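Reader: I would like to learn how to read a few features of a structure, starting with the space inside it. Could you take me through them?

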Amino acid sequence: MTPKLARITRRDFIAGAGASVGGLAASRALRAQDRRRGAANDKLNIGIIGAGGRGEEDLKAVRGENIVALCDCDFRNAANSFRSYPNAQRYQDWRKMLEAEKSLDAVVVATPDHNHAFISVSAMRMGKHVYCEKPLTRTVWEARLMARTAAENKVATQMGTQGHAFEGSRRAVEVIRSGGIGEVRELHVWTDRPAGWWPQGIERPQDEPPIPHGLDWDVWLGPAPYRPYHSAYVPFKWRGFWDFGSGAIGDMGIHNLDTAYWALELGVPTSVELKDCSPQPDEPRMKQTGPLWSIIELNFPARGPKPPVKMTWYDGGKLPPAELFHGEPIPKADGGSLIIGGKGTLLTRTWHGGQSESDMFRLLPRKDFAGYELPAPTLPRAPEQSHHQEWIAACKGGPMPLSNFGYAATLTEALLLGNVALRTGRKIEWDAASMQAKGCPEADPYIRAPYRSGWTL
């Protein structure tokens, strides 16, 4: 049974969290440091927020720790998790969970994108370590806030980019950084999403069915503008709606770009331009959801001696030119990337560089790399090639995870600028210092979105 707690408003909770920063943050930070200095064998007290869906998989990945609390605003969706952990406290409202569960060391956030920042920032301000699913946030401003809050509170963080921990991904990064394919100036990244996964290119439903038993619709909406409940959003299908998700580039771009972004240390682009999409940005359907497909160009500047890189993003079944694959079968499911250097091309054949020898990246043309020897390892390896275990080790005093919020925020920002270009239909010249699209004020609400009354960060 869910504990009976005093009812708190959104404003009350955020105000209380803010007060804790001034009055209790120092002591909580010290307690967090004490926990990190504790024995590596000590178990963490973990709470899962968004315990159904993706959170169910996250729960399996951290099952070796103490699962203290499970929270999901949709009890129907979290039924399997509740059955698996009958002794864990159950909540529908994450604010009540954070208020009540004082023993929590860490939380896993696996909610829809629009709630990531509110939950994660609140937890970090309480001195708790955070694992947050990708994309880190729904807007650029939120991504920057997440990185700053993590740094200020000195907590262990990880964005859920599971392939980042795989052996093949880290080997691919080492190949690129060692000069194995030469200087990189061109990059192509693609995914098969959204087709067959979730709806896009549609208008908002107009009927108003009753809210199902077990779903707290107000908590699900969180900071998003109010709209009536509809099964068009819950569960999972929310990803294509701008108020809740980040479309294909936010959902799979985080995965599919990660290896190249990491290896090349791309930072944020100076310009982003929509090359084509369907429907077009000025059509009514695009006001509510992302397009059926899109092609977007992102231009990254030189980084010291590294040359500028032009990246082309494809989704919804669109692909790079066939000749770039040098006769290799074109991997369509999930997507991949082509990192094109002066000496050759590195192909990731799925949403990461590979987990085992059999599914590792490819160096193309194959004949040019016959007998190629991989460089000596330079990156640390994640325990058991596990993104979650890397984070858990950091919570217990180990090194910071490699997909921590500092790294994850810039990767997320780069890709979310693709959505800014999509929604405005204009080429975005990005001023990173001021966090503004130059000469494009209509982009402002897509960079920092307004929140529903009572919700502030």
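Author: Gladly, and bear in mind that this is a predicted model. Let us start with one lining: by class, the second largest cavity is lined by five nonpolar, six polar and one charged residues.

Reader: How is such empty space found, and how many cavities of 30 Å³ or more are there?

Author: Rolling a probe the size of a water molecule over the atoms shows where empty space is left. Here the search finds three cavities of 30 Å³ or more. The second largest holds about 40 Å³, and α10 (247-251) gives the largest share of its lining, three residues. Among the lining residues are Trp242, Asp315 and Asn419.

Reader: What lines the largest cavity?

Author: That cavity, of about 120 Å³, has 13 lining residues, with Arg138, Thr139, Asn419, Arg423 and Tyr446 nearest its centre. Helix α14 supplies the largest share, four residues. By class, the lining has seven nonpolar, four polar and two charged residues.

Reader: Now the cysteines: why is there no bond between cysteine 71 and cysteine 73?

Author: A disulfide is a covalent bond between the sulfur atoms of two cysteines. The sulfur of cysteine 71 has its closest cysteine sulfur, in cysteine 73, 7.4 Å away, so the two are too far apart for a bond. For cysteine 440 the closest is in cysteine 277, at 15 Å, again too far. The whole structure has zero disulfides.

Reader: And which way do strands β8 and β9 run?

Author: Strands β8 (residues 271-278) and β9 (residues 293-300) run antiparallel, joined by seven bridges. Serine 278 stands opposite tryptophan 293 in β9.

Technical notes:
Residues are numbered from 1 along each chain as its sequence is written. This is a predicted model: local features need pLDDT of at least 70, side-chain atom pairs count only at pLDDT 80 or more; totals for chains, interfaces and linings use all residues. Side-chain values use heavy atoms; hydrogens and water are left out. A disulfide is a pair of cysteine sulfur atoms within 2.5 Å. Two strands pair if DSSP finds at least two bridges between them. Helices (H or I, at least four residues) and strands (E, at least two) are DSSP runs, numbered from the N terminus. On a 1 Å grid over the protein atoms alone, a cavity is a set of points where a 1.4 Å probe fits but cannot get out, and a pocket is an open set with protein on both sides within 12 Å along at least five of seven lines; lining residues have an atom within 4 Å of a point. Grid points are joined across faces, edges and corners, and a volume is the space filled by probe spheres set on the points. Ala, Val, Leu, Ile, Met, Phe, Trp, Tyr, Cys and Pro count as nonpolar, Asp, Glu, Lys and Arg as charged, and the others, Gly among them, as polar.
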